[in-house]
Amino acid sequence: MLTFLVSCTALALFVAAVAQSAPLAVLALFLFGLSSPVSFMVSGSVVQRDSPEQFRGDAADVRCDIYSAGAVMFEMLTGTVPFNDTTAIDAIRSHLTKTVPSFTEVNPSVRGGSAMEALVRRCLEKDRALRPA
């Protein structure tokens, strides 16, 4: 939850900075940087949001960020990461091979089958060519 609040604050400040002033942009980047270590401590692993191509050592591009954004959206909407594995190796294996579970599989109180879920699932495609561009 702390990660979500810090990230939302950073995003709001960044939007304000683009609209108004540079000092807010610096603060937003600082806060966004803080969200990563907090997120890693909460999830217990640094690999919960990395794309499959990053694990394979392929060249990174904007589609890696789309995958990571999909993982963050999945967590925000369901309350858990897409693959809730106990070790980093298991998480990497899941990101490389497993199908992303539906929202209702991981949290029955979340309405599944929505356009938002479809978008998140597209962002989390294993093949980066299938992700939104």
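## Disulfides

A disulfide is a pair of cysteine sulfur atoms within 2.5 Å. By that criterion, a search of the whole structure, which is a predicted model, turns up zero disulfides.

Two cysteines can still be placed by their accessibility. Cys64 is buried, at 3% relative accessibility. Cys123 is also buried, with a relative accessible area of 5%. Cys123 belongs to the part of α7 that meets α4.

## Overall fold

The protein chain contains seven helices and zero strands. Read from the N terminus, its elements run α-α-α-α-α-α-α.

The chain has 133 residues, and 36% of them are buried. Now take the contacts with a separation of 6 or more. Of these, 56% involve residues 24 or more positions apart.

## The aromatic pair

One aromatic pair is present in the structure. Its members are Phe74 and Phe103, in an edge-to-face arrangement. The ring centres lie 5.4 Å apart, and the planes make an angle of 80°. The label edge-to-face applies because planes over 60 degrees apart count as such.

Phe74 sits in helix α4 (residues 62-78), while Phe103 sits in helix α6 (residues 103-106). The pair therefore ties together parts that are 29 residues apart in sequence. Both rings belong to buried residues: Phe74 has a relative accessible area of 0%, and Phe103 has 2%.

## Packing of α4 and α7

Helix α4 packs with helix α7 (residues 115-123). The angle is about 140°, and the axes are 7 Å apart. That makes the two helices oblique to each other. Angles must be over 145 degrees to count as roughly antiparallel, so this pair does not reach that class. The crossing is left-handed.

Which residues meet at this contact? From α4 come Ile66, Tyr67, Gly70, Met73, Phe74 and Leu77. From α7 come Met116, Val120 and Cys123. Two of these residues have appeared above. Phe74 is part of the aromatic pair with Phe103, and Cys123 is one of the buried cysteines.

## Three loop positions

Val47 lies in the loop between α2 (22-43) and α3. Is Val47 buried or exposed? Val47 is buried, with a relative accessible area of 7%. Leaving aside neighbours within four places in sequence, Val47 is in contact with Phe55, Ala88, Ala91, Ile92 and His95. The link to His95 spans 48 residues in sequence, yet the C-alpha atoms of Val47 and His95 are 8.9 Å apart in space.

Asp58 occupies the loop between α3 (52-56) and α4. At 35% relative accessibility, Asp58 is partly exposed. Its contacts, again without neighbours within four places in sequence, are Glu53 and Arg128. Asn84 is in the loop between α4 and α5 (88-97). Asn84 is exposed, with a relative accessible area of 60%. Ser94 follows 10 residues along the chain, and the C-alpha atoms of Asn84 and Ser94 are separated by 9.1 Å.

Notes
Residues are numbered from 1 along each chain as its sequence is written. This is a predicted model: local features need pLDDT of at least 70, side-chain atom pairs count only at pLDDT 80 or more; totals for chains, interfaces and linings use all residues. Side-chain values use heavy atoms; hydrogens and water are left out. Rings of Phe, Tyr and Trp (its six-membered ring) pair if their centres lie within 6.5 Å; planes under 30 degrees apart count as stacked, over 60 as edge-to-face and the rest as tilted. Helices (H or I, at least four residues) and strands (E, at least two) are DSSP runs, numbered from the N terminus. Buried means under 20% relative accessible area, exposed over 50%, partly exposed in between (1.4 Å probe, protein chains only). Axes are lines fitted to C-alpha atoms, for helices over the stretch in contact, and angles run from 0 to 180 degrees between N-to-C directions. Angles under 35 degrees count as roughly parallel, over 145 as roughly antiparallel, 65 to 115 as roughly perpendicular and the rest as oblique. A crossing is left-handed if the near helix is turned anticlockwise from the far one by less than a right angle, and right-handed if clockwise. Contact means heavy atoms within 4.5 Å.
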